[in-house]
Amino acid sequence: MNLRTKISVAILAAVTGALLGMQLESVFGDDTKEALKKLEHAFLIINERYVEEVDSAELVEHALDGMLEELDPHSIYIDAESMRRVEEDFSGAFEGIGISYEFVEGPDGEDTLTVLSVIPGGPSEAVGLMSADRIIEIDQQSAIGFESLDVQRTLKGPRGTKVNIVVVRPGYNEPIPFTITRDRIPLYSVDVAYMPDEVTGFIKVSRFARTTYQEFIAAVGRLKEQGMERLVLDLRGNSGGYMDMAVRMADEFLPTDELIVSQQGRTRGTNRAFMGSQGGVLEHEPVIVLVDAASASASEIVAGALQDHDRGLIVGQQTFGKGLVQQQYSLPDGSALRLTISHFYTPSGRLIQTHYDDGNREEYLEYKYRALQETALLNAEEIIERVPDSLRYKTAGGRTVIGGGGILPDFIVPVDTASALLREVFRRNLTNTFARSWYDRESQALRDVWGERRTAFIDGFEVSNEVFAEFLDYARERGVPLGEGQEEFGAAEVAADRTFLEARIKARLAVRLFDLDAFFPVIHTEDRILKEAMTLWEPAETLASR
């Protein structure tokens, strides 16, 4: 047996040992031991006898994928490189220069790395880097034609180290050099927290990371200082994350000793009940939770707890339906297994997990898509009528809710279908690229007028008739058929979509003038689900008063 084969066999054994955290010999039954020997034997035969030399490490990764495919659609293997990115996304911070970026096509067709916004308080802001700066050189090497991995490789790095960059800035004749000292850069999971009106707070949470609870509490504190009396919690698009962060968030809305969520598994330690503790900061305020088909897992824990206790009003579309608790097990090479260890149940006893057959992910997602299509035009009462009695449950106040396929909102707001014109514009990303080109030309004038006046810009800036006409010309030049012919979009179509298009242009300008947080207050003016939610405070207040 050669060294590579020995290492591969050791990895297989380590995988199994890591899953249970115990010695194989003392725990596994005879059947399991025999199966493991069979796997090892087959692996050695392939390594020694196959007609061509095989990559043992790659073979192991395929074997792991194959084993997990027999379990459920959410148990997965994460390779070492992907694992590093996952850890960064959910750790709440990384070390680098502190920018968000995009790629802009250059004059020779090669992408140019461009600053979209600088992170407030970060090292790039400290040295004067600005939105729209094109980074053309990094540490004396050309950055033209860079891809995302090149950016990670060159701009990220240990805190305290320096990186030299050269940028081209619109309106300046000469390139500008910067030396930036890398630092710890926070990754926020609370995308935005602001006051849409004098009494309403709005908080959008994009994922449940290690810092989410602290971010949420800090955001609530800031909004209460501004006069918040009621809250919209936006969990749309939030696919989950750390379960304990969801439990702690839900706890802030619920009284002492109320059940938040329970989990049940087959091994010791996987059966638990999570109860509310004393002194939640939002136990009395009316709350509306926004969800959609991409809200999953930890998001559904929060929405399910508030719905089952009649504590909050759920608005939007039926959620994804991921009622599985997963644990991550690190492997020796930095990769990991994310393995389902139990199911979780909402306080009324609902398992909200969507039905699946083994780990066939494609069939699982297809089933989800069909279910959403079938119920797209129904209201909550009509959907409940279609559900068998075995999947109907009662909230604390006696309302009927359902399990077996996500959290059904109390008020359903159907997904808007984009018009043909909007689809054409979005397919070409024209609102974004137009805003970028216009900002490049007018950035100094925009900064002179609006400067640090974020609120004034959000409330008062308007896309003028002249600028909108310029956008239509820009769209025509890039292939959007605007006119009055049989195959063209005429004045009526443009007029119907104008308000939405202007909001998108303005939101993209806001990001460049200020930061990513400024995007949401602008785009929310055309957010139909949020608009609908803001008319539903009476039932939300009734729930809060119980």
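Is Asp-308 buried or exposed? I looked this up before anything else. Asp-308 has 2% relative accessibility, so it counts as buried, the cut-off being under 20%. I note here that the model is predicted.

**Entry: Asp-308 and its helix**

I then looked for the partner of the Asp-308 side chain. Asp-308 forms a salt bridge with Arg-350, and the closest N and O atoms are 2.5 Å apart. Asp-308 belongs to helix α10 (residues 298-308), while Arg-350 is in the loop between β18 (336-345) and α11 (361-375), so the salt bridge ties together parts 42 residues apart in sequence. Arg-350 is buried as well, with a relative accessible area of 0%.

I checked the rest of α10. The helix is mostly covered, with 11 of its 11 residues buried. Among them are Glu-300, Gln-307 and Asp-308, along with Ile-301, Val-302 and Leu-306. After α10 I found Asp-310, which has a positive phi, near 55 degrees.

**Entry: other salt bridges**

I counted salt bridges next, and the structure holds 25. I wrote down two besides the one above.

Arg-169 and Asp-133 form one of them, with 2.7 Å between the closest N and O atoms. This pair links distant parts of the chain: Arg-169 is in the loop between β7 (162-168) and β8 (176-181), and Asp-133 is in the loop between α6 (123-127) and β5 (134-138), 36 residues apart. Arg-169 is buried at a relative accessible area of 9%, and Asp-133 is buried at 0%. I also found Arg-169 over the face of Tyr-172, at 5.6 Å from the ring centre.

Asp-527 and Arg-236 form the other, at 2.7 Å from N to O. Asp-527 is in the loop between α18 (519-523) and α19 (528-533), and Arg-236 is in the loop between β12 (230-234) and α9 (243-251), so this salt bridge ties together parts that are 291 residues apart in sequence. Asp-527 and Arg-236 are both buried. I followed the shared partners from there: Lys-204, Asp-234, Arg-236 and Asp-527 are joined into one network of salt bridges.

**Entry: aromatic rings**

How many aromatic pairs does the structure hold? I found 14. Trp-450 and Phe-457 make an edge-to-face pair, with 5.5 Å centre to centre and 85 degrees between the planes. Phe-457 also pairs with Phe-461, and that pair is stacked, at 4.7 Å centre to centre and 20 degrees between the planes.

I checked the accessibility of these three residues. Trp-450 is at 12% relative accessibility and counts as buried. Phe-457 is buried at 0%, and Phe-461 counts as buried at 9%.

I traced the ring pairs outward. They link Phe-434, Trp-438, Trp-450, Phe-457, Phe-461, Phe-468, Phe-471, Tyr-474 and Phe-514 into a cluster. Tyr-474 has a charge over its ring: the charged end of Arg-478 sits 3.6 Å from the ring centre.

**Entry: the six-stranded sheet**

In what order do the strands of the open sheet run? I read β10-β11-β12-β15-β16-β21, with mixed pairing. The edges are β10 (190-194) and β21 (411-412); each has a single partner strand, so one side of each is left without a neighbour in the sheet.

Within this sheet I looked at β12 and β15. β12 pairs with strand β15 (residues 287-291) in the parallel sense, over four bridges. Val-232 has Ile-288 in β15 as its bridge partner.

**Entry: strand β4**

I ended with strand β4 (residues 111-118). Seven of its eight residues are buried, so β4 is largely enclosed by the rest of the structure.

I then listed partner strands of β4. Strand β3 (residues 99-105) runs antiparallel to β4 and is joined to it by seven bridges. Here Tyr-101 stands opposite Val-115 in β4. β5 also runs antiparallel to β4, with two bridges joining them. The bridge partner of Leu-113 in β5 is Ile-135. I add that Asp-133, from the salt bridge with Arg-169, is in the loop between α6 and this β5.

Conventions
Residues are numbered from 1 along each chain as its sequence is written. This is a predicted model: local features need pLDDT of at least 70, side-chain atom pairs count only at pLDDT 80 or more; totals for chains, interfaces and linings use all residues. Side-chain values use heavy atoms; hydrogens and water are left out. Rings of Phe, Tyr and Trp (its six-membered ring) pair if their centres lie within 6.5 Å; planes under 30 degrees apart count as stacked, over 60 as edge-to-face and the rest as tilted. Buried means under 20% relative accessible area, exposed over 50%, partly exposed in between (1.4 Å probe, protein chains only). A charge sits over a ring if NZ of Lys or CZ of Arg is within 6 Å of the ring centre and within 35 degrees of the ring normal. A salt bridge is a side-chain nitrogen of Lys or Arg within 4 Å of a carboxyl oxygen of Asp or Glu. Two strands pair if DSSP finds at least two bridges between them.
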